[in-house]
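Here are a few short exercises to work through with the model open beside you. Try each task before you read its solution.

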Amino acid sequence: MKFGVQLYNFREVLKSDFRAGLKEIAKLGFDGVEFAIDFGGIAPEELAALLKELHLECAGTMFFKDALLDKDNIAYSYAKALNSPSVSYGDFCDFTAEWKNIVDYSRKIADIAAAHGTVSAYHNHWLEFEKVDGVPALCLISEKNDPEKFFFEPDVCWITRGGLDPVEFINRYSKRIRQVHLKDSTQLDDVKQTAELGTGLVNIAGSFAAAAAAGAQWVIYEQDETVDPFVSAEKSLKYLKSL
């Protein structure tokens, strides 16, 4: 299992100079990076060459769902060139009202991704766990999709905030998981209180062990808010290695 870091952590750094920022991030010692919408305006093959130069792998590629619904979108060129383990997407809506629509478009994305030689993975936040007839909406969405095509990229912090046990979630869907987002928080209902791994309320150690048991390819450190993303990343990577 490899250690990745989500580039959203460094969004302000990358905004000023994407290439230079990526070079500094490479020095931290993670095995790879996960892209979140922003690819620095660099063409897919050129970006792949840059990662190779920096001795980084692609831990994942995240896109808006509308991009993935377009079979000709450059998203799939990035996924192929970077050898991404999946193309992932998420949503923010009233899941109790919209879950059937999400089932429909998730099926379409899964089919398009398969045609491009990859898989799509749903990345959760916390609203997905609102219940429909006593069942979390995301679980219903999963049940109505093909288990061979509908994958997850679970975020353990938001699963915890949604009221579920991230270890149980990873165990339940282990065959559909290639990447796991490890995020910690000192105050789950405040998105600005994300924290270095192992310092908050989320069962990071248990989630790490579950990801390993599931055969996940990547655990990806994500921290939405930091004082200094490089300092926080160093602390979180040290903690990951201790596990």
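Buried means under 20% relative accessible area, exposed means over 50%, and partly exposed lies in between (1.4 Å probe, protein chains only). The model is predicted, so local features need pLDDT of at least 70 and side-chain atom pairs count only at pLDDT 80 or more, while totals for chains, interfaces and linings use all residues. Residues are numbered from 1 along each chain as its sequence is written, and side-chain values use heavy atoms, with hydrogens and water left out.

**Exercise 1.** Place asparagine 9, classify its burial and list its contacts.

*Solution.* Start with helices (H or I, at least four residues) and strands (E, at least two), which are DSSP runs numbered from the N terminus. Asparagine 9 sits in the loop joining strand 1 (2-6) and helix 1 (11-16). Next, asparagine 9 is buried because its relative accessibility is 6%. Finally, with contact meaning heavy atoms within 4.5 Å, asparagine 9 touches Tyr221, Glu222, Gln223 and Pro229, leaving aside residues up to four places away in sequence.

**Exercise 2.** Find the bridge partner of leucine 182 in strand 12.

*Solution.* Two strands pair if DSSP finds at least two bridges between them. Strand 9 and strand 12 (residues 218-221) run parallel and are joined by 4 bridges. Within strand 12, leucine 182 has tyrosine 221 as its bridge partner.

**Exercise 3.** Is histidine 55 buried or exposed?

*Solution.* First, locate histidine 55 in the loop between helix 3 (44-53) and strand 3 (57-62). Then note its positive phi, near 60°, in a residue other than glycine. Histidine 55 is exposed because its relative accessible area is 70%.
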